[in-house]
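The exercises below are meant to be worked with the sequence and the model side by side. Each one sets a task and then goes through a solution step by step.

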Amino acid sequence: MKVWGLVFAIALGLAVTLVVATYWTAQPQVRPIDHPEFAGMQQSGMDAEPDTGLLWIGWSFGALQIAFFAAMLALGARSRRGLRGLGVPLIAASLIYLAVWSALVFTYHSQVSAEEPALFLGFPTPTAWMLFAIWPCPLLFTLYYVVGFDRWIATPQDLAELDQTLARLRTESGAADDEADR
Amino acid sequence: MEQFRSPIILTSVIVYMLACIGVGLWALRRTHSARDFFMAGRNLGVFVTGMAVFSSTLSGFAFVGGPGLVYAMGMSSIWIVVSTAMSFTISFFLLAKRLRLFAQARDTISLPDAVAARYRSESSRFLTALAILLGVMGYLATQILAMAMVLQSILVRTAGLDGIGLVTCVAISAAVLVFYCVTGGIIASVYTDLIQGSVMVIASILVFATAFFAIEGGAAGAVAVLRADDPESIGPWGTLGMLGCMSWYFMFAVGSVGQPHVVTKYMMNKDIRDARRILPVSIISYSISALLWISIGLVMRALVLQGAHAPLKAADDAAPAFLQAYAHPILAGVVFAGLFAAIMSTADAFLNIGAAAVVHDIPRAFRGRSLKRELYWARIATVAIGAAAAAFALYSHYVNARLVALLGAFGWGTFAAALVPAVAIGFNWKRATPLAANVAIAVSLVVNFGIELFDIAIPHGIHGGTIAMVLSIVLFFGVSLLSQRPQLDPDIEAVMDV
């Protein structure tokens with residue numbers, strides 16, 4: 001499948017997920033609610049375990065986002081020579097990202113009704129996954145850009161060829177203008 | 001020292017504003033053409049471009065609205081912060097190379113210029129310029145109003161200056177902003193961004209170090225207080241819920257590619273290979289600055305819940321209240337200067353792209369050429385847009401707040417929905433057609449405006465901008481595939497082959 005086709009397919013998947021989420025009414029819409037004591041502050045209004053179906057929709061929404069990010073990165077990096085070996089590193093980083101995302105969702109699910117949830121660096125474990133893993137995880141993609149720029153984003157050969165093409169087109173265009181003037 | 005708190009804060013802000021005026025005067029001598037005014041002569045270095053990209057992205061929202069959102073909703077808005085690494089990376093992958101090469105091939109000086117070159121379409125240029133202009137008016141008005149309100153809150157505490165009204169504060173704020181943008185154009189803008197970005201980074205580090213000392217037990221103490229009140233508020237989704245948070249994450253991660261005031265900077269660097277070094281500068285600076293957002297919001301919520309601080313009148317008071325009550329006067333001065341920096345660094349970028357839309361893009365769309373004496377008219381347009389935005393800010397404050405909220409909807413979400421398909425995807429996919437670009441831009445404007453106008457609440461807190469963006473992406477692909485394969489100019493095709 002071509003990269004643009006992948007982006008389109010995932011975008012359709014995201015659209016379907018949003019439609020399903022919008023019509024998902026298994027749990028009443030109670031959140032957020034105004035804080036009973038302090039104006040300008042809200043509470044979650046959660047007094048029961050979260051709806052598992054909604055949790056799965058949320059997980060799918062996040063997983064599709066990760067796939068969409070990776071596909072968009074591939075679209076941006078792609079040249080007429082294809083991905084020049086970036087495909088495998090992109091897939092590897094996306095799988096790590098997906099694993100971290102899944103860990104966040106599943107620790108949330110397992111701890112949400114616990115009386116004393118486990119803490120990591122002072123935060124509940126799912127929140128710690130978000131702050132200390134989800135936030136830095138895309139830096140793997142950043143690393144590809146920084147380290148592999150000459151190999152995957154714009155090779156010196158590509159740039160030299162572009163310079164030559166642009167120079168040739170300018171010469172041809174100048175010659176055509178001169179011809180028209182005569 | 002405490003008795004000098006107000007004079008110290010005021011002095012910091014005045015010194016900062018004078019520095020901006022100084023940069024404007026310095027840049028005046030380096031601005032000789034419209035290309036200098038809009039593109040800084042395409043001669044910027046790594047650090048300046050990186051700081052300009054970061055500080056244009058981080059508006060006053062991050063220093064006031066961000067902590068306010070954490071105060072109100074707990075961890076929910078942290079998803080905007082967490083999207084940072086992905087948003088900058090995706091934006092660089094998709095556009096840093098392409099826009100710089102378009103600029104090299106066609107000497108483009110604005111985003112609509114690049115859109116017109118890519119699609120061979122003046123209607124696409126016009127729609128892009130129109131979306132930008134609408135966004136600029138709404139965004140600029142809210143930024144000027146925010147700046148004036150912060151200035152007034154400082155002056156109210158300063159003996160002898162406490163009678164100065166909001167109109168005067170709007171005039172002072174707009175005058176400083178417009179002055180350096182008129183004299184030095186984008187050169188003044190990016191070099192003030194350098195100062196502004198540095199102030200923001202320093203302020204954020206100092207605030208982060210201070211914030212958790214304000215509450216007993218530090219970060220763990222704050223978390224314990226929040227958990228006791230509502231365990232979900234300190235969970236990963238805060239009070240908003242999972243789907244709402246993930247919709248924010250998506251809109252801010254992908255939507256960054258559609259922010260014209262940010263991506264225009266990709267055309268200004270000296271060498272295309274610099275992009276690899278500009279990216280980490282922007283990510284690191286933004287991530288550090290976001291610490292202020294998280295720390296003040298969490299600590300103020302915990303302090304109020306604990307009864308250690310009086311309840312706030314409004315969530316957006318979280319940052320000013322923290323600075324007045326817990327920060328050392330000198331730190332408060334630096335952070336207030338940082339707040340002005342955050343607002344002005346975004347506002348100046350909007351002023352510049354707004355002027356480009358008026359004197360360069362819209363005339364080109366209709367007449368096939370831009371105005372004669374473009375530099376002169378660019379300066380006039382900058383003054384006119386600044387004055388109109390200031391008047392609009394006052395009108396919205398005193399007469400009709402709904403109007404600015406409506407145009408404010410043409411902010412991040414609308415730019416994202418309108419420009420992500422046409423720019424981010426269209427600049428990397430040869431099959432994309434001008435009709436598809438026009439449909440995506442028009443539909444996203446209508447959808448975003450409709451959601452705001454009719455106050456449509458989407459279930460589970462899902463952001464309307466996310467719905468509009470996904471819809472416009474799907475439409476963009478669909479319409480492109482259904483319309484005739486486009487003809488590309490050879491130089492544009494060569495750029496898209498790299």
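Helices, of at least four residues, and strands, of at least two, are DSSP runs that are numbered from the N terminus. The model is a predicted one.

**Exercise 1. Describe the fold and the overall form of chain A.**

Step 1. Count the elements: chain A has seven helices and four strands, and read from the N terminus they follow the order α-β-β-α-α-β-β-α-α-α-α.

Step 2. Look at the domains: the assignment for chain A gives domain 1 (3-147) and domain 2 (155-182), and the C-alpha centres of these two domains are 47 Å apart.

Step 3. Test the chain against a globule: a compact globule of 182 residues would have a radius of gyration near 16 Å, whereas chain A has 25 Å, and its C-alpha trace spans about 85 × 35 × 35 Å along the principal axes.

Step 4. Consider burial and contacts: 37% of the 182 residues of chain A count as buried, and of the contacts in chain A between residues at least 6 apart in sequence, 62% join residues at least 24 apart.

Step 5. Check the confidence: chain A has an average pLDDT of 89, with 92% of the residues scoring at least 70; among its elements, helix α7 (residues 156-181) of chain A has the lowest mean, 85, and helix α5 (residues 139-147) of chain A has the highest, 97.

**Exercise 2. Carry out the corresponding analysis for chain B.**

Step 1. The secondary structure of chain B consists of 21 helices and zero strands.

Step 2. For 498 residues a compact globule would have a radius of gyration near 23 Å, and the 22 Å of chain B agrees with this; the C-alpha atoms fill a box of roughly 65 × 50 × 45 Å along the principal axes.

Step 3. In chain B, 67% of the 498 residues are buried, and among contacts between residues at least 6 apart in sequence, 85% join residues at least 24 apart.

**Exercise 3. Work out what each chain brings to the contact between them.**

Step 1. Chain A contributes 60 residues to the contact and chain B contributes 63 residues.

Step 2. On the side of chain A that touches chain B, the largest share, eleven residues, comes from helix α2 (residues 52-77) of chain A.

Step 3. Sorted by class, that side of chain A holds 42 nonpolar, 15 polar and three charged residues.

**Exercise 4. Characterise two helix pairs of chain B and the covering of one further helix.**

Step 1. Two packed helices are described by the angle between their axes and the distance between the axes. Helix α4 (residues 60-73) of chain B packs against helix α15 (residues 329-367) of chain B at an angle of about 115°, with the axes 6 Å apart.

Step 2. At this pair, B:Gly60, B:Ala62, B:Phe63 and B:Val64 of α4(B) meet B:Gly338, B:Leu339, B:Ala342 and B:Ile343 of α15(B), which by class gives six nonpolar, two polar and no charged residues.

Step 3. For the second pair, the axes of helix α6 (residues 84-106) of chain B and helix α11 (residues 242-255) of chain B come within 7 Å and cross at roughly 35°. B:Met86, B:Ser87 and B:Ile90 of α6(B) make this contact with B:Phe252, B:Ala253 and B:Val254 of α11(B), and these residues divide into five nonpolar, one polar and no charged.

Step 4. Helix α14 (residues 318-326) of chain B is mostly covered, with seven of its nine residues buried, among them B:Phe322, B:Leu323 and B:Tyr326. The cover over the buried residues of α14(B) includes α4, α8, α9, α13 and α15 of chain B.

**Exercise 5. Decide whether B:Ser282 and A:Leu121 are buried or exposed.**

Step 1. B:Ser282 is found in helix α13 of chain B, and B:Ser282 counts as buried because 28 other C-beta atoms lie within 10 Å, where the cut-off for burial is 20 or more.

Step 2. Leaving out residues up to four places away in sequence, B:Ser282 touches B:Gly50, B:Val53, B:Phe54 and B:Phe88. The C-alpha atoms of B:Ser282 and B:Phe47 are separated by 8.8 Å, although their positions lie 235 residues apart along the chain.

Step 3. A:Leu121 lies in the loop between β3 (119-120) and β4 (123-124) of chain A, and A:Leu121 counts as exposed because it has 12 other C-beta atoms within 10 Å, where exposure requires 12 or fewer.

Step 4. With the same exclusion of residues up to four places away in sequence, A:Leu121 touches A:Ala128 and A:Phe132.

Definitions and conventions: Residues are numbered from 1 along each chain as its sequence is written. Chains are lettered from A and ligands numbered from 1 in the order in which they are written. This is a predicted model: local features need pLDDT of at least 70, side-chain atom pairs count only at pLDDT 80 or more; totals for chains, interfaces and linings use all residues. Two residues are in contact if their C-beta atoms, placed from the backbone, lie within 7 Å. Ala, Val, Leu, Ile, Met, Phe, Trp, Tyr, Cys and Pro count as nonpolar, Asp, Glu, Lys and Arg as charged, and the others, Gly among them, as polar. Axes are lines fitted to C-alpha atoms, for helices over the stretch in contact, and angles run from 0 to 180 degrees between N-to-C directions. Domain bounds come from an automatic or database domain assignment. The radius of gyration is taken over C-alpha atoms; the globule rule is 2.2 Å times the number of residues to the power 0.38. pLDDT is the predictor's confidence in each residue, from 0 to 100.
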